[in-house]
Amino acid sequence: MPIARGSSMMSLGTWKARSTKYQRFLNLSNVFMLIVSTILLFTSGILISFYHLTKLDFWSWYYYACPMCMLALGLYTFAVSVYGFLISNQESRGLISLIAIFLSIAFFVQIFSVFTAFELRNKINVERIPTSYLNNMREYNNDETIKSNWDSMQRELRCCGGRHYEVGFNDWNQIMAGDVPDSCCHEEAEDCGKGKITYSQEDSYRTDLSIWKDGCLEILQLKLKDDVSPLLIIYSGVGVLLAIVELITVVLACSYIAQISRRRRRDEMFTRAATANDEEYLSSLTNKETNF
């Protein structure tokens with residue numbers, strides 16, 4: 001019986017040391033994912049609000065998919081890392097199994113997100129502005145979302161229309177018959193865009209129309225090439241690193257679960273052995289007392 005107890009105590013010490021290592025790595029992984037998820041949320045917010053990527057889905061689906069994947073992954077990874085902190089001191093196989101499942105999902109979504117970043121960078125650097133933007137502009141008076149998108153871009157970028165510098169506002173002529181949206185005006189007011197294109201056509205030398213003249217897509221394309229394209233390279237590298245960390249964390253979480261299972265089986269064996277030894281010892285005492 002003393003041998004069984006000694007073996008149990010030695011095994012318990014070894015198990016605690018290994019468990020501490022697993023828990024330490026899981027905590028470090030949670031810290032890393034918490035930091036990266038915060039960066040993802042901040043970056044996606046910039047891409048959506050400042051560079052208007054989600055408004056360019058008529059250009060390519062990747063303009064919408066890439067920042068939305070960043071946003072979704074940022075929120076998801078942040079939630080998983082907080083959950084990881086909450087259970088960091090727990091030795092429950094069920095709770096740790098959830099970490100492995102959550103991060104397995106995050107790993108595959110992260111790979112997809114990196115793919116969209118590569119594709120979006122290729123679109124920005126290679127493709128020209130498509131003529132399909134005119135089809136999108138034609139829905140300005142029919143679709144409130146499209147109207148809000150163009151108004152937002154024109155206000156914030158100080159532009160008007162789609163393509164070309166100085167004459168981009170003329171894109172609205174075939175849609176609004178001589179008018180431009182009020183969001184094109186230097187000082188926006190109701191009906192301030194009425195007749196602006198008509199005035200410019202009647203007097204070609206008239207330059208003071210009190211509206212923005214450069215096409216929004218021309219301005220955005222320049223910003224995307226200069227700012228967003230390098231940012232996507234950095235994101236791809238960080239995304240791959242995050243995916244590797246998530247995969248390693250899944251493997252170690254599974255190893256931790258296996259270790260807990262082995263420990264519990266070992267404890268059951270020691271308990272049974274100790275119980276059997278106690279029964280044999282008590283039986284021998286009873287026999288001696290009877291013989292005496």
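This briefing describes the disulfides, one helix and one surface patch of the structure shown above. The model is a predicted one. Three disulfides are counted in it. Helix 5 (residues 144-157) leads into the region where two of the bonded cysteines lie, since Cys 159 is in the loop between helix 5 and helix 6 and Cys 160 is in that loop too. A nonpolar surface patch of about 340 Å² is also described.

**Disulfide pairing**

- When the bonded cysteines of the chain are numbered in sequence order, the pairing reads 1-6, 2-3, 4-5.
- Cys 69 takes part in no disulfide; the nearest cysteine sulfur belongs to Cys 66 and is 7.3 Å away. Because a disulfide requires two cysteine sulfur atoms within 2.5 Å, that distance of 7.3 Å leaves Cys 69 without a bonded partner.
- Cys 69 is nevertheless buried, with a relative accessible area of 13%.
- Cys 254, by contrast, counts as partly exposed at 41% relative accessibility.

**Cys 159 and Cys 216**

- A disulfide connects Cys 159 with Cys 216, and the distance from S to S is 1.9 Å.
- The link of Cys 159 and Cys 216 is right-handed, with 90 degrees about the S-S bond.
- This pair joins distant parts of the chain, 57 residues apart: Cys 159 belongs to the loop between helix 5 and helix 6 (173-176), while Cys 216 belongs to helix 8 (residues 216-291).
- Cys 159 has 0% relative accessibility and therefore counts as buried; Cys 216 likewise counts as buried, at 0%.

**Cys 160 and Cys 184**

- Cys 160 is joined to Cys 184 by a disulfide with an S to S distance of 2.1 Å.
- The torsion here is 85 degrees about the S-S bond, and the link of Cys 160 and Cys 184 is right-handed.
- These cysteines also link distant parts of the chain, 24 residues apart, with Cys 160 in the loop between helix 5 and helix 6 and Cys 184 in the loop between helix 6 and helix 7 (196-202).
- Cys 160 is buried, with a relative accessible area of 0%, and Cys 184 counts as buried at 0% relative accessibility.

**Cys 185 and Cys 192**

- A disulfide joins Cys 185 to Cys 192, with 2.2 Å from S to S.
- The torsion about the S-S bond of Cys 185 and Cys 192 is about 110 degrees, so this disulfide is right-handed.
- Cys 185 is buried, with a relative accessible area of 6%; Cys 192 has 16% relative accessibility and counts as buried because the cut-off is under 20%.

**Helix 5**

- Asp 143 caps the N-terminal end of helix 5, where one of its side-chain oxygens lies 2.8 Å from the backbone nitrogen of Thr 145.
- The 14 residues of helix 5 should span 20 Å at 1.5 Å a residue, and the end C-alpha atoms are 20 Å apart, so the two values agree.
- The buried residues of helix 5 include Ile 146, Trp 150, Met 153 and Leu 157. Asn 149, Asp 151, Ser 152 and Gln 154 are also among them.
- Arg 158, just after helix 5, takes a positive phi of about 55 degrees.

**Nonpolar surface patch**

- Val 31, Ile 35, Ile 39 and Phe 85 make up the patch.
- Helix 1 (residues 2-49) gives the most to the patch, namely three residues.
- An α-helix has 3.6 residues a turn, so residues three or four places apart point the same way.
- Phe 85 is found in helix 2 (residues 62-86).
- Phe 85 is partly exposed, with a relative accessible area of 31%. It can therefore belong to a patch, for which over 30% is needed.

How values were computed: Residues numbered from 1 in each chain as written. Predicted model: local features only at pLDDT ≥ 70, side-chain atom pairs only at ≥ 80, totals over all residues. Heavy atoms only, no water. Patch = residues over 30% accessible without salt bridge, like charges linked within 9 Å, V, L, I, M, F, W, Y side chains within 5 Å. Areas by Shrake-Rupley, 256 points an atom, 1.4 Å probe, with all protein chains shown as cover. Salt bridge = Lys/Arg side-chain N within 4 Å of Asp/Glu carboxyl O. Helix = DSSP H or I, 4+ residues; strand = E, 2+ residues; numbered from the N terminus. Buried < 20%, exposed > 50% of the residue type's maximum accessible area, 1.4 Å probe, protein only. Expected span 1.5 Å × (residues − 1). Polar contact = N/O pair within 3.5 Å; in protein donor to acceptor, adjacent residues only side chain to side chain.
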